Every structure is written in structure tokens, then in C-alpha cells.
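The following exercises concern the surroundings of a ligand and a pocket in a protein. Each task is followed by a worked solution.

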Amino acid sequence: MSTTAQPPVFDSLKSAMRGPVLLPADDGYDAARAVYNGMISRRPAAIARCADVADVMTAVRFGRENGLTVSVRGGGHNAGGLGVWEDALVIDLSAMRGVTVDPAGKTVRAEGGCVWGDVDHAAGAFGLATPSGFLSTTGVGGLTLGGGIGYLSRRFGLTIDNLLAADVVLADGSFATASADTHPDLFWALRGGGGNFGIVTSFLFRCHDVGTVVAGPVLYDIADVADVMRWYREMQPSLPEELSGWLGLLTIPPAPPFPEPLWLRKACGIVWCYTGPPDRADAVLAAVRGFGSPLLDGIQPMPFPVLQSIFDALYPAGLQWYWRADFFREISDPAIAIHQKFGEALPTPHSTMHLYPIDGAVHRVGPDATAFAYRDVGWAGVIVGVDPDPASAGKIKDWAVRYWEALHPTSAGGAYVNFMMDEGSDRVRSSYGPNYDRLARVKARYDPGNFFRINQNIPPAG
Ligand SMILES: Cc1cc2nc3c(=O)[nH]c(=O)nc-3n(C[C@H](O)[C@H](O)[C@H](O)COP(=O)(O)OP(=O)(O)OC[C@H]3O[C@@H](n4cnc5c(N)ncnc54)[C@H](O)[C@@H]3O)c2cc1C
């Protein structure tokens, strides 16, 4: 530990917590304040690395009693880096990563600081999985509380559609379990309303039988993007729910397993994932493999946790990221022309645009059944300018903003809150649509002082 003098204000927190409290002069402070998005560098007053639920309750009460701004860090992946805030007390859950699987009951319980790789690893051993996202390094906490869109959504719903219960430390430092039977209004709000309502110390999810999947990318030349998109917008909704494919505009990475002649070529890709009976895989996939003239067909059998981590190495922590997003009811012809223009002009090799299907099981849950309002759209779109070099920050932001401004008129109006940086309160309101007022009322009940405000904030009603 450093010998530099520390202000005494955090002494009582240090002595009350089992986990460490890191102050700016401490070894480990800089590593603990770093978030996934390298564009963000904030210096909190202290980082309370909680060891257990008792530590979380202690840190919340300490924050209240001392009038501190508090931010909550789960996996640290948030686009706007909302887990770590300037001059705040960070309640850091990253040491709380326990996972327990109940193979007989087909459930998994994950502590609030887990990343999805923790859950995939534990549940995968039993041939089970719960819907999550498309990477293993993303936090369970933030992803779940915003909704959760992933490979399994089409067949089994959003992550929140598989959430059975959540243990929550509330703004007054008390503890509650939210489920369909206990605190149902809180449970409703947690399913999409983000970190506004409390700190979730553990999530209980329903699992499904997902062992080996048949999955991987099919890549086409960027010149074919209009044909691919016109075909995809008709094909994807007509497919059996065991098959889901998200579409991306990308630069083919200059590394194995991609063949060297394709390195750094701009492309339009669809990453397919088939989760149905193995003996039907070839027949179902034939419908999508037969289209066009792919540069590469990487579809192959693999354990689901392998698919979940397949893109991790391409996007290590610390890159510069600039995000813009929207939901889309359709992929219109004018939208396709915009995708073609900006896809051909991807500003850096890591920059990309993705369209994730919102259909199947996601549509079978009503738009007011959970806080996640945009149930009836076709796709969640995200544009990300990404590069390792901080000097590229302006270039990647400019491309993403211009692309989004051109495309936004073709959108459904709001965006997936987990794909937004700071776009202001009107964007948050439009992303919750008709559910916003009820969210504000639940906020007034559980956090009337807006203690949890470092998030896509929903101020309390009244
Ligand atoms: C590379 C990358 C890939 C992604 N892929 C997907 C994807 O496939 N599908 C998808 O749906 N989303 C995806 N996302 C978006 C992701 O869901 C959000 O970035 C989410 O906020 C990350 O959660 P986190 O816990 O890692 O973030 P953090 O930065 O730790 O936290 C984000 C927000 O959630 C709150 N929070 C986190 N944990 C808790 C908790 N336990 N209790 C209360 N509040 C909490 C924080 O206070 C903060 O406001 C991706 C993001 C990245 C960077």
C-alpha cells in the first residue's frame, strides 16, 4: 500500500467493510477505476470493492450519510462508463462473481458483479444456458437491467424474460427480494429500467437446454450489402426460432482464423446461431447457406460458451468506443442505401454496425409486461466507432454521429438504453415510451431522493 496520507473521511467505511476501499493514492486505484471504454477516464473519490451483500448495504448507507454521489459498477462495460463517476463513491461489485447452478430445477444464480463468461462457464457444464448477449466479457448486472439482447433471444426471450428473482439493496440501505410475488412493481421496473432502483446483488435466471450449437459467421463482400440486406430482412423473420442471425458491417480482422487474402477487406456478415435438434441443423441452415456468393462460411458446431466468447479477443478492454443506437421496425430501402454508404466508409478496422433481431419469443411478451417497451420492433441497431488509438476519437465519433443522423429518420424513435452513451433525458424518455411514467412512479417509491442517478436516469415522479 502507498504511504501517502489519505483523507480520513473513508476510515469508518474501511473498517466496516470486508472488501477493500481504494482511494486515489492507493495501489490498484488506477486499475480499479478503468472501464471497458478507453475513451472514459474518471477519478472517483473512493472505490468500495464489496466482498458481499453486507458490504453493499454498508457502502450504500455510508454514501447516504455522507451525502456522496454514488455510482455502481458491475462488469464495467457500459458504453458511457456509468459504473465509475468523477468524485463519486463507486460501489464496485467486481469481486462478487459467484455462480450457482441448480441443474434439476434448471436455474442459475449469479452474483451482481458477474460477467457473462462466469455464467456461461457454470451453466454450460450442465448443457444449460440463459439468454444473454454476444460477448462473454459483458457484465450480467448492466446487461440484464437494461433488457439483454443476445443469440438466444429469438427462441427464449430477452435476458429479463428469464429473470425469476433479484436480490436488491435499496437506496435506504435495506434489502429486498423482487420477483413476481414479492415487490412485483420493483420486479417490473428492474426488467429494463436499468440501475435506477437499487443494487442487485444476485440474479436468479431460468435456464434452457443449450449444449452444442451450430453457429458462426457468413461473410459477403461489402459491394453485396444491398442484396444481402434485402434478402436478410425477408429471410430472418421467416426462419424457425431455433435459428437466429444478426447482421453486421465490418472489416475482416487481419488474423487467423480468417484466411489471409480476406484480411482488412470490408464486408457484410451475418452471424448465425442454430440451437435446435442436431439432426435438423443441416436442413434448417441450408436455407441461409445457399444465398449469394459468400467470401467465407464459418458455420460449425461448437459449445455455446465458445460461441459466446468467440469475438472477445477482437475487442479487448481499453479501446476507444463511440456509440449511437436506435430500434427499427423494418430495414427500408432508404436505410439500406445509408448502410451501404457508411459501411463502405468504416473509419477504422474495429468500427462496425450491428442489427440484432427483436422477434420470436421477445414479441410474445407484452410491451407493458416489463419496463422494456420496444417489444414490437424488428431489430435493435447499434453503430460503434472503435479504435485502439485515442487520436482516432474525433474520427470515429464523427462517422458514428453522421451515420446515426442519416439513419435515425428510418427508426422506431427510441433506442436500447444499453447501447446509448449520454444523449440526454429526452432520449431516455423516448426509449421507455409509454412505460416511462410508471417507471418514474416506481422510482419515487423506492428511491425518492434519486440516490441512484448515475445511469440512464429516470427521476422520481413528482
Ligand atoms: C463490447 C460490448 C458488447 C455488448 N454486447 C451486448 C449484447 O450482446 N447484448 C446486450 O444486451 N448488451 C450488450 N452490450 C451492452 C451492455 O449491456 C451494457 O454496456 C451494460 O451496461 C453493461 O453492463 P455492465 O454491468 O458490464 O456495465 P457497468 O458499466 O458496470 O454498469 C452499467 C450500468 O448498470 C448499472 N449496474 C451494473 N450492475 C448493476 C447491479 N448489479 N445492480 C444495479 N445496477 C447495476 C450501473 O450502475 C450502470 O448504470 C455490450 C456492451 C459492450 C461494451
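**Exercise 1.** Determine how many residues surround the ligand, and which of them are the closest.

*Solution.* The model is predicted. In it, the shell around the ligand consists of 35 residues. The closest are Val72, Gly74, Gly76, Ile149 and Tyr416.

**Exercise 2.** Identify the elements that each supply at least two residues of this shell, and describe the shell by residue class.

*Solution.* Step 1: the elements are β3 (70-73), α5 (140-146), β10 (199-206) and β17 (320-328). Step 2: α5 gives the largest share, 4 residues. Step 3: sorted by class, the shell holds 17 nonpolar, 17 polar and 1 charged residues.

**Exercise 3.** A polar contact requires a pair of N or O atoms within 3.5 Å. Find polar contacts of the ligand with tyrosine 416, glycine 142 and glycine 112.

*Solution.* Step 1: an oxygen atom of the ligand lies 2.6 Å from a polar side-chain atom of tyrosine 416. Step 2: a polar backbone atom of glycine 142 is 3.0 Å from an oxygen atom of the ligand. Step 3: for glycine 112, a polar backbone atom is 3.4 Å from a nitrogen atom of the ligand. Step 4: the ligand taken alone exposes 940 Å², of which the protein buries 96%.

**Exercise 4.** Describe the second largest pocket by its volume and its lining.

*Solution.* Step 1: the volume of this pocket is about 290 Å³. Step 2: 14 residues line the pocket, and Pro217, Pro257, Phe258, Ile310 and Phe311 are the closest to its centre. Step 3: β12 (212-221) and β16 (300-303) are the elements that give two or more residues to the lining. Step 4: by class, the lining has 11 nonpolar, 3 polar and no charged residues.

Note on methods. Residues numbered from 1 in each chain as written. Predicted model: local features only at pLDDT ≥ 70, side-chain atom pairs only at ≥ 80, totals over all residues. Heavy atoms only, no water. Near = heavy atom within 4 Å. Polar contact = N/O pair within 3.5 Å; in protein donor to acceptor, adjacent residues only side chain to side chain. Areas by Shrake-Rupley, 256 points an atom, 1.4 Å probe, with all protein chains shown as cover. Nonpolar A, V, L, I, M, F, W, Y, C, P; charged D, E, K, R; others polar. 1 Å grid on protein atoms, 1.4 Å probe; cavity = no way out; pocket = protein on both sides within 12 Å on 5 of 7 lines; lining within 4 Å. Points joined across faces, edges and corners; volume = space filled by probe spheres on them.
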